[in-house]
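Here is a walk through one structure, told sheet by sheet and core by core. Take a look at it before reading on.

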Amino acid sequence: MEFCYKTTKKTKYSFKGIVEGTEPLNQKIEVKTSDEIGELIYSFNQMAKFLYEAQEATKKYAETLRTIFEGITDPLALVDPDCQVEMTNHAYREWLKEERAAVFHSPCNLEHIENDTLSPQLLLKKVIETKKPLSEYWEGKDGNHYFIHIYPIFNNEKEVTKLVYYVKDVTERKKIEEQMRITEKLAAIGQLSAGLAHEINNPLGGIKLCFNNLISTEMDEETKREHIKLINKGLTKIQEIIKQLLDFSKQTELIKTSVNINDLIENVLRLTEYLISKNGIQVVKKFEKIPHMLLDQNKIEQVFLNIILNAIQAMDGQERILTIETAMKNNNCLISFSDTGPGIPSEIMEKIFDPFFTTKPVGQGTGLGLSVSKAIIEQHNGKIYVSSSDKGTTFTVELPSNL
Ligand SMILES: Nc1ncnc2c1ncn2[C@@H]1O[C@H](COP(=O)(O)OP(=O)(O)OP(=O)(O)O)[C@@H](O)[C@H]1O
Ligand SMILES: [Mg+2]
């Protein structure tokens, strides 16, 4: 706008300066006339005052945010998609000095990040790809356990341009949890010994009675033989219980042969045929063609047996369907067993693979089935995992095909 001849040089200079941002907003331009120009300058002053107040409020707000950001006791940073850190708080900078594994020490190209090893970089990559926030536990090379939370920030094109990176050291909490689990396990061992004592005591009572009869009563040869037979039966029973426990504690070498997984499942189904029909269970098989694999047949059959027995024991409702599926995925063989039982309550989910953990009555379950199975699968460099809801449970065994 061309200013009127009545405005002084100083007024023009102030106007220009305020508009261009070289002059502070909190200055008033003198109103010398009461005509239109005077009104305009008056309005301009009002607007400058308003802008000045808004500017000050924004500054204060930014300062408050900065103070909160700095004051957060866990490390927090604003990161670029190439791991370049743009803004950090005090805790984050401290971790940089301590060379902690969970902070970014240098930029990196996420395209070259390996997908199979969990790392903060891989987590960033996942958030950029999925465009969703992510929280994950991670054990760093420095031996600490971390909880990492990443939140994406988008531009107008809905691309992730920045990421909020929040990390927490949960090593102490993990230790306490581990300690609690050990304590619970010890309690479970106590429970098991009660069960064992009960199981051993029963045949022992019979043996003692027969033995006392044998040495203190006159009896004919026939009765004597009966007594000796009973003693023998009791001793065999005790021997079996002890063998079961010993089997659990020793991890024997694998004896691998080339086998067909589908055949192994059929073998186990034949073994459990009676139980399956007695319990009115329908078996649905969805077998894919699986290449032969190098495995310890006996041990893998034992795993399948444990999982199938658990499924049979779990299904006590109206619908009793056991679905067994086999499939190949990325050179791994996936074998899944789904039942229509009541599911596994989430509060015990973490414990089901622990030795001696059982929810079955004393004497019925030793709680060794799944822990032995997990050990066997891990010996084969495989994985076993579970998903469960109130509609049923699925155990999946993943074995690398290595022939
Ligand atoms: N399919 C399933 N449905 C529901 N719960 C299950 C299922 N499989 C396992 N569980 C739970 O996991 C626990 C541990 O299973 P695991 O096979 O290790 O021991 P167990 O069956 O109790 O005893 P064992 O196998 O030694 O006779 C079970 O007691 C049960 O609570
Ligand atoms: Mg079991």
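Which strands does helix α9 lie across? Helix α9 (residues 297-314) lies across β9, β10 (332-339) and β12 (392-400), and runs at about 20 degrees to β10. Before going further, some ground rules: this is a predicted model, where local features need pLDDT of at least 70, side-chain atom pairs count only at pLDDT 80 or more, and totals for chains, interfaces and linings use all residues. Residues are numbered from 1 along each chain as its sequence is written, while chains are lettered from A and ligands numbered from 1 in the order in which they are written.

A few terms, too. Helices (H or I, at least four residues) and strands (E, at least two) are DSSP runs, numbered from the N terminus. Contact between two residues requires C-beta atoms, placed from the backbone, within 7 Å. Axes are lines fitted to C-alpha atoms, for helices over the stretch in contact, with angles from 0 to 180 degrees between N-to-C directions.

**The sheet under α9**

The strands that α9 crosses belong to an open sheet of five, ordered β7-β9-β10-β12-β11, with mixed pairing; two strands pair if DSSP finds at least two bridges between them. At its edges are β7 (282-287) and β11 (383-389), each of which pairs on one side only. On average, neighbouring strands here are turned by 15 degrees against each other, direction ignored.

β7 and β9 (residues 321-329) run parallel and are joined by six bridges, with valine 284 partnered by threonine 323 in β9. At the other end, β11 and β12 pair in the antiparallel sense over seven bridges, and tyrosine 385 has threonine 396 in β12 as its bridge partner. The hairpin that joins β11 to β12 goes through two residues.

**Two cores**

The largest nonpolar core has 23 residues, and Phe304, Ile307 and Phe337 have the most contacts inside it. Such a core is a set of buried Ala, Val, Leu, Ile, Met, Phe, Trp, Tyr and Cys residues joined through C-beta atoms within 7 Å. A residue is buried if 20 or more other C-beta atoms lie within 10 Å of its own, exposed if 12 or fewer, and partly exposed in between, with C-beta atoms placed from the backbone. Two or more residues of this core come from each of α7 (261-271), β8 (293-295), α9, β9, β10 and β12. Its largest share, six residues, comes from α9. Leaving aside residues up to four places away in sequence, isoleucine 307 touches Phe337, Ser373 and Phe395. Another core lies apart from it, with 19 residues, among them Val79, Ala91, Leu124 and Ile150.

**The second sheet and α4**

Another open sheet of five strands has the order β2-β1-β5-β4-β3 and antiparallel pairing. Since β2 and β3 stand at the edges with a single partner strand each, one side of each is left without a neighbour in the sheet. The twist averages 25 degrees from one strand to the next.

β1 pairs in the antiparallel sense with β2 (residues 85-88) over three bridges and with β5 over four. Leucine 78 stands opposite methionine 87 in β2, and its bridge partner in β5 is valine 164.

Helix α4 lies across β1, β3, β4 and β5, at about 30 degrees to β4. The buried residues of α4 (residues 120-130) are Pro120, Leu123, Leu124 and Val127. They cover an arc of only 105 degrees around the axis (taken from the directions from the helix axis to the C-beta atoms), which puts them on the same side of α4. The face turned away from that buried side carries the exposed Glu129 and Thr130.

**Positive phi values**

Some residues take a positive phi:

| Residue | Place | Phi |
|---|---|---|
| Lysine 131 | follows α4 | near 60 degrees |
| Cysteine 83 | hairpin of β1 and β2 | near 65 degrees |
| Lysine 158 | loop between β4 and β5 | near 65 degrees |
| Asparagine 381 | loop between α11 and β11 | about 60 degrees |

Lysine 158 is exposed, with 7 other C-beta atoms within 10 Å. Asparagine 381 is exposed as well, with 10.

**Around the ligand**

Of the 20 residues around ligand 1 (C-beta atom, placed from the backbone, within 6 Å), Asn310, Thr358, Gly365, Gly369 and Leu370 come nearest. α9 and α11 (369-379) are the elements that give two or more residues to this shell, and the largest share, four residues, comes from α9.
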